[in-house]
Amino acid sequence: MLGVVLAGGEGRRMGRDKAFVEVSGEPLWRRQVGVLQRAGAVRVAVARRRGQAPIGHAGCLLDEYEGRGPLAGLHAGLKAAGSGRLAVLAVDMPGVDEAWFAWLAGLCGPGSGAAASSGGVIEPLAALYPAEALGEAASRLERGELSATGFVLALAGAGMMTVAAAPPAYAGRLRSLNEPPAGPSAPPGGCSSPPPR
């Protein structure tokens, strides 16, 4: 399983790149890499946009489709995964832990992934995707259909995704961090090589 941290957002509401915002003294990108590693990802990449500050992680992916939002990061992850499953986690969701992915894995079948809904809203950025979803991601990007939620619904309609209600314990933990917590941000490091195959 490949893990991908989606860290290509512009951080307009945050006022800076969310990847470098610290929570409990750790930059969010590093925290999320650790979550995916503990969830069983054999390798973890960080998906970024061209022109963003580099980060201190050896495995980075650049969006192939510029300016297309999270779906472009999902596409980059699916393309890098090749086969198997892709675990995706947005950089700004520090409430998600490895137990979340263990729960999602229990909902997956051969060639299918899983996503959760909370309060009737699907969460596509803390989910497991089958590698077979690459074609649908590319088609939607080519057509300009950029909704990550729409992508999940299309996969569910094709029998490639299970959508289930999130466990009550996670109701408040799926929120995105949009305002900076107290404390300094981490300085950028280096991120220049692609993830190992």
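In this predicted model, the protein chain contains 5 helices and 9 strands. Followed along the sequence, these elements come in the pattern β-β-β-α-β-β-α-β-α-β-β-α-α-β. Of the 197 residues in the protein chain, 49% are buried. Among the contacts with a separation of 6 or more, 74% link residues that lie 24 or more positions apart. The accessible surface of the protein chain amounts to about 8600 Å², and carbon and sulfur atoms account for 53% of that surface.

A good place to start looking is helix 1, which spans residues 28-38. This helix is mostly covered, with 8 of its 11 residues buried. The buried set consists of Leu28, Trp29, Arg31, Gln32, Val33, Gly34, Val35 and Leu36. The cover over these residues includes several strands, namely strand 1 (2-6), strand 2, strand 3, strand 4 (43-48) and strand 6 (85-90), and it also includes helix 3 (98-105). Just after helix 1 comes Gly40, whose phi is positive at about 110°.

A positive phi also turns up at Ser24, a residue other than glycine, where the value is near 55°. Ser24 sits in the loop that runs between strand 2 (22-23) and strand 3 (26-27). With a relative accessibility of 80%, Ser24 lies over the 50% cut-off and therefore counts as exposed.

Attention now turns to the packing of the helices, beginning with helix 2 and helix 4. Helix 2 (residues 70-81) packs against helix 4 at an angle of about 145°, and the two axes are 9 Å apart. The crossing of this pair is left-handed. On the helix 2 side, the residues that meet helix 4 are Leu71, Ala72, His75, Leu78 and Lys79. Their partners in helix 4 are Leu134, Ala137, Ala138, Arg140 and Leu141. By residue type, this contact of helix 2 with helix 4 comprises 7 nonpolar, 1 polar and 2 charged residues.

Helix 4 (residues 134-143) packs against helix 5 (residues 148-157) as well, here at an angle of about 135° and with the axes 11 Å apart. Helix 4 and helix 5 are therefore oblique to each other, and their crossing is right-handed. Helix 4 contributes Glu136, Ala137 and Arg140 to the contact, while helix 5 brings Gly150, Phe151, Ala154 and Leu155. The residues of this contact of helix 4 with helix 5 fall into 4 nonpolar, 1 polar and 2 charged. A reader following helix 4 in the structure will find Ala137 and Arg140 listed in the contact with helix 2 and again in the contact with helix 5.

Finally, Ser176 offers a view of the segment after strand 9 (161-165), where this residue is placed. Ser176 has a relative accessible area of 36% and is thus partly exposed. Leaving aside residues up to four places away in sequence, Ser176 touches Asp92 and Met93. Ser176 and Pro94 are 82 residues apart in sequence, yet their C-alpha atoms are 7.8 Å apart in space.

Definitions and conventions: Residues numbered from 1 in each chain as written. Predicted model: local features only at pLDDT ≥ 70, side-chain atom pairs only at ≥ 80, totals over all residues. Heavy atoms only, no water. Axes fitted to C-alpha atoms, helices over the stretch in contact; angles between N-to-C directions. Helix = DSSP H or I, 4+ residues; strand = E, 2+ residues; numbered from the N terminus. Parallel < 35°, antiparallel > 145°, perpendicular 65-115°, else oblique. Left-handed = near helix turned anticlockwise from the far one by under 90°. Contact = heavy atoms within 4.5 Å. Nonpolar A, V, L, I, M, F, W, Y, C, P; charged D, E, K, R; others polar. Buried < 20%, exposed > 50% of the residue type's maximum accessible area, 1.4 Å probe, protein only. Areas by Shrake-Rupley, 256 points an atom, 1.4 Å probe, with all protein chains shown as cover.
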